[in-house]
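Me: Please take a close look at one part of this model, the sheet. Tell me how the strands are arranged and what packs around them.

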Amino acid sequence: MSAGLAGLDSLLEHRSRLATCVLLSRADQLSFSRLRQLLGESDGNLGAQLRKLEDAGLISVRKAYQDRRPVSWYRLTAAGRRALVAHLEALTRLIAPAGR
Amino acid sequence: MTDLTRLREDLDFVRASVEDAPVGSPPAIYFLWGVLVLVGFGLHDVSLDSVPIYWAVAGPAGGLLSAYLGWRHQQRSGYLNASRGIRYALHWGALLAAVFLGTFMVRQRIVAAEAFGPVVLLLVAQAYFHAGLHLDGPLRWVGLLIAAAYLVVLSMSTYVWTLAGVVVAAALMISGVRASRGRIVAA
């Protein structure tokens, strides 16, 4: 149990931040609107969670325009991918014994 | 954080989000190929000589247009996934390559020219069915319909290609309508 806890990333313990990183690991880029739709979060809350991930260097953002409207595209960084893998491995170690 | 129940709930939340994430093909691609198939199959009955030329142009052009429509759809859906696009391109590119390579059998008279049409139909049926399994679910039954059209082509004598084209085009159009109903508005 403690070995699992030792590997957990406190930033990814929040489910929206974890889900964001998992979603971004399966796509090249996701827009803010798409993330909001998938996660069912409010603009303000999602924006705050994304900023935390961005400040920690786990995701990067690209601003673009589409049909004259601003769109923010998010991508998982290499550091973010490493952190996500380590966190998921720690979660697996934590949960696996309970499932037996 | 050691609360396993909360952990499981969080993971369920993540799983639900991930399951909703992928976007299907844009409806326009189904409509495009519905029209191309309708015209291309119908040509067999009215102008057999123009069939190879038609598909030599319409096949690659339709592929390129489909790639553009797919890219635009991903942009509008807020979900960019290059590897998915590459998988589509490889899948349909392999079909075009197989049909092209198959023409060598006709040129070398290993297969009679009149037999090549049904062979292509079988290849297309398999490609659509596999696309339904691995890329876009609705294409699975389009593949089955094309396989049925293949049997029709073998068993009838007049306007069989036109009839087969109508069936396949209708299947593609219906798939397009279904795709447009489940469409995601984003970005």
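Reply: What follows goes through the sheet, strand by strand, and then turns to its surroundings.

This is a predicted model. It scores ipTM 0.77 and pTM 0.74. For chain B, the mean pLDDT is 84, and 93% of the residues reach 70 or more.

Start with the chain that supplies most of the elements discussed here. Chain A has five helices and three strands. From the N terminus, its elements follow the order α-α-β-α-α-β-β-α. Its C-alpha atoms fill a box of roughly 55 × 25 × 20 Å along the principal axes.

Now the sheet itself. It is open and has four strands, in the order 2(A)-3(A)-1(A)-1(B). The pairing is antiparallel. Strand 2 of chain A and strand 1 of chain B stand at the edges. Each has a single partner strand, so one side of each is left without a neighbour in the sheet.

Take the pairs in turn, beginning at the chain A edge. Strand 2 of chain A covers residues 59-66, and eight bridges join it to strand 3 of chain A. These two strands run antiparallel. Within this pair, A:Ser60 stands opposite A:Arg75. A:Arg62 stands opposite A:Trp73. The two strands form a hairpin with two residues between them. There, A:Asp67 takes a positive phi near 50°.

Next comes the other side of strand 3. Strand 3 of chain A spans residues 69-76, and two bridges join it to strand 1 of chain A, residues 29-31. This pair is antiparallel as well. Here A:Ser31 stands opposite A:Trp73. A:Trp73 therefore has a facing residue in each of two strands: A:Arg62 in strand 2 of chain A and A:Ser31 in strand 1 of chain A.The last pair crosses between chains. Strand 1 of chain A pairs with strand 1 of chain B, residues 79-80, over two bridges. The sense is again antiparallel. A:Leu30 stands opposite B:Tyr79 in this pair.

The strand pairing belongs to a wider contact between the chains. That contact takes 21 residues from chain A and 19 residues from chain B. On the chain A side, helix 2 (15-25), strand 1, helix 3 (32-39) and helix 5 (78-99) each supply at least two residues. By class, the chain A side divides into 11 nonpolar, five polar and five charged residues.

What packs on the sheet? Helix 2 of chain A does, touching strand 1, strand 2 and strand 3 of chain A. Its direction makes about 85° with that of strand 3 of chain A.

Helix 2 of chain A also has a helical partner. It packs with helix 3 of chain A at an angle of about 125°, with the axes 11 Å apart. That angle makes helix 2 of chain A oblique to helix 3 of chain A. The crossing is right-handed. From helix 2 of chain A, the contact uses A:Ser16, A:Ala19, A:Thr20 and A:Leu23. From helix 3 of chain A, they meet A:Leu35, A:Leu38 and A:Leu39. This helix contact has five nonpolar, two polar and no charged residues.

To put the parts together: helix 2 of chain A touches three strands of chain A and packs with helix 3 of chain A. Helix 2 and helix 3 of chain A also each supply residues to the side that touches chain B. Strand 1 of chain A pairs with strand 3 of chain A and with strand 1 of chain B.

Terms used: Residues are numbered from 1 along each chain as its sequence is written. Chains are lettered from A and ligands numbered from 1 in the order in which they are written. This is a predicted model: local features need pLDDT of at least 70, side-chain atom pairs count only at pLDDT 80 or more; totals for chains, interfaces and linings use all residues. Two strands pair if DSSP finds at least two bridges between them. Two residues are in contact if their C-beta atoms, placed from the backbone, lie within 7 Å. Ala, Val, Leu, Ile, Met, Phe, Trp, Tyr, Cys and Pro count as nonpolar, Asp, Glu, Lys and Arg as charged, and the others, Gly among them, as polar. Axes are lines fitted to C-alpha atoms, for helices over the stretch in contact, and angles run from 0 to 180 degrees between N-to-C directions. Angles under 35 degrees count as roughly parallel, over 145 as roughly antiparallel, 65 to 115 as roughly perpendicular and the rest as oblique. A crossing is left-handed if the near helix is turned anticlockwise from the far one by less than a right angle, and right-handed if clockwise. pLDDT is the predictor's confidence in each residue, from 0 to 100.
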